[in-house]
Amino acid sequence: MPPSQFDPRQFPRNSKHELELEFEARGHRLTMPVLLARGELDGPTLVVSAGVHGDEFEGVRTIFDVYRGLDSVSMAGDFLAVPVVNGPAFWNCSRTSPLDGGNLARVFPGRPDGSPTEVIAWHFDQRILARADFYLDLHSAGVACAMPALVGYAADDPRSRAAAFAFGAPVVWGHPTIPPGRTVSAARARGIPFLYTEARGAGRIHPEDLALYTRGVWNLLKHLEIVAGDAEAAPCRHHLFGDGNIDESLNATQPGFLVAEVTLLARVERDQLLGSLLDLRGRVLEQYHAPTSGRVVLIHECPRVTAGEPLFLVTQEAGQGSRN
Ligand SMILES: [Zn+2]
């Protein structure tokens, strides 16, 4: 159906629907899958998305599994999910779109008459995100990088923070600022509280990450009282605090072969060596040092690196010289 005709309230309560929105952008025919479970009773709408980047698959599978397990007769509120937001990137198994090179997580809220990536953002923002009382965007590190399984929240929003701890991830990361262009910055512009997740990625689905994401979405549904029951508690081992902007990572200035000297979640001191970039004769081209003390939350795991790629991101621990 055309996005302009989609309104979840048109569907009866106590029903489930697998839908597809169809639209065009600069001659490209695009589709967006939508899964809707409407509860028997009134209540909040949880919007969940995955596949904003086309090489991240944990969230796609999570949405399929949770949707299948939902029993609308016992729900108070709605589950509205898009398992693959960025279809062109998904079918290309790439972070960015093969149609226009766009990064969907940098162009929100998009434009109705823009590039294919901008048009996807616009329809998602207008037709899906606008319906949310709470928003969850499931990401992971993608094919080239690795990140620990974590849930991220807006530090200045108590609704976001409470939901992050209810989600039950081993790493919880509070952000003092949310850079523009993201799905979650579009949610913020609408006053909608949000969470997002990351996991190890690598272009495949690790069973532990799938279990964590799935339990987390169920926990969030219980936290929002869309589904009855108590969230399944899980210990938070690391409470981190800092900008989650991967664009601010230490980047390669040239191509090379990366040798990392640290592992994920390693505690590092300021100026500590994180890794070296070698040429193909094994000679050091450049080295990367921690800009701050803290924990390593991103490593470029694929040794082949091109200029401009993020290599390492270090963030602080909550309570480390700043309020959380
Ligand atoms: Zn992503």
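In the predicted model, P109 lies in the loop that runs between helix 2 (87-92) and helix 3 (116-128). The peptide bond leading into this residue, from F108 to P109, is cis, and its omega is near 5 degrees.

Two further loop residues stand out by their backbone angles. R26 occupies the loop between strand 1 (15-25) and strand 2 (28-38). Its phi is near 50 degrees, a positive value in a residue other than glycine. R26 counts as exposed because its relative accessibility is 57%, and the cut-off for exposed is over 50%. L265 also has a positive phi, of about 70 degrees, although L265 is not a glycine. This residue is found in the loop between strand 12 (256-260) and strand 13 (267-268). With a relative accessible area of 18%, L265 falls under the 20% limit and is therefore buried.

At the level of the whole protein, the model is divided into domain 1, covering 3-241, and domain 2, covering 249-317. The contact between them draws eleven residues from domain 1 and 15 residues from domain 2. The C-alpha centres of domain 1 and domain 2 are 29 Å apart.

Between domain 1 and domain 2 an area of about 1100 Å² is buried, and carbon and sulfur atoms give 72% of it. On the side of domain 1, the residues that lose the most area to domain 2 are A144, A146 and L240, which together account for 36% of what that side buries. As to polar interactions, zero salt bridges are counted between the two domains, whereas six residue pairs are in polar contact across the interface of domain 1 and domain 2.

Three elements give two or more residues to the side of domain 1 that touches domain 2: strand 6 (145-146), strand 8 (171-175) and strand 10 (238-241). Strand 10 gives the most, with four residues. By residue class, this side of domain 1 consists of nine nonpolar residues, two polar residues and no charged residues.

S249, the residue at which domain 2 begins, is placed in the loop between strand 10 and strand 11 (250-251). Its relative accessibility is 8%, so S249 counts as buried, the limit being under 20%. Leaving aside residues up to four places away in sequence, S249 touches L298, P310, L311, F312 and L313.

Conventions. Residues numbered from 1 in each chain as written. Predicted model: local features only at pLDDT ≥ 70, side-chain atom pairs only at ≥ 80, totals over all residues. Heavy atoms only, no water. Domains from an automatic or database assignment. Contact = heavy atoms within 4.5 Å. Buried area = accessible area lost by both parts, 1.4 Å probe. Salt bridge = Lys/Arg side-chain N within 4 Å of Asp/Glu carboxyl O. Polar contact = N/O pair within 3.5 Å; in protein donor to acceptor, adjacent residues only side chain to side chain. Nonpolar A, V, L, I, M, F, W, Y, C, P; charged D, E, K, R; others polar. Buried < 20%, exposed > 50% of the residue type's maximum accessible area, 1.4 Å probe, protein only.
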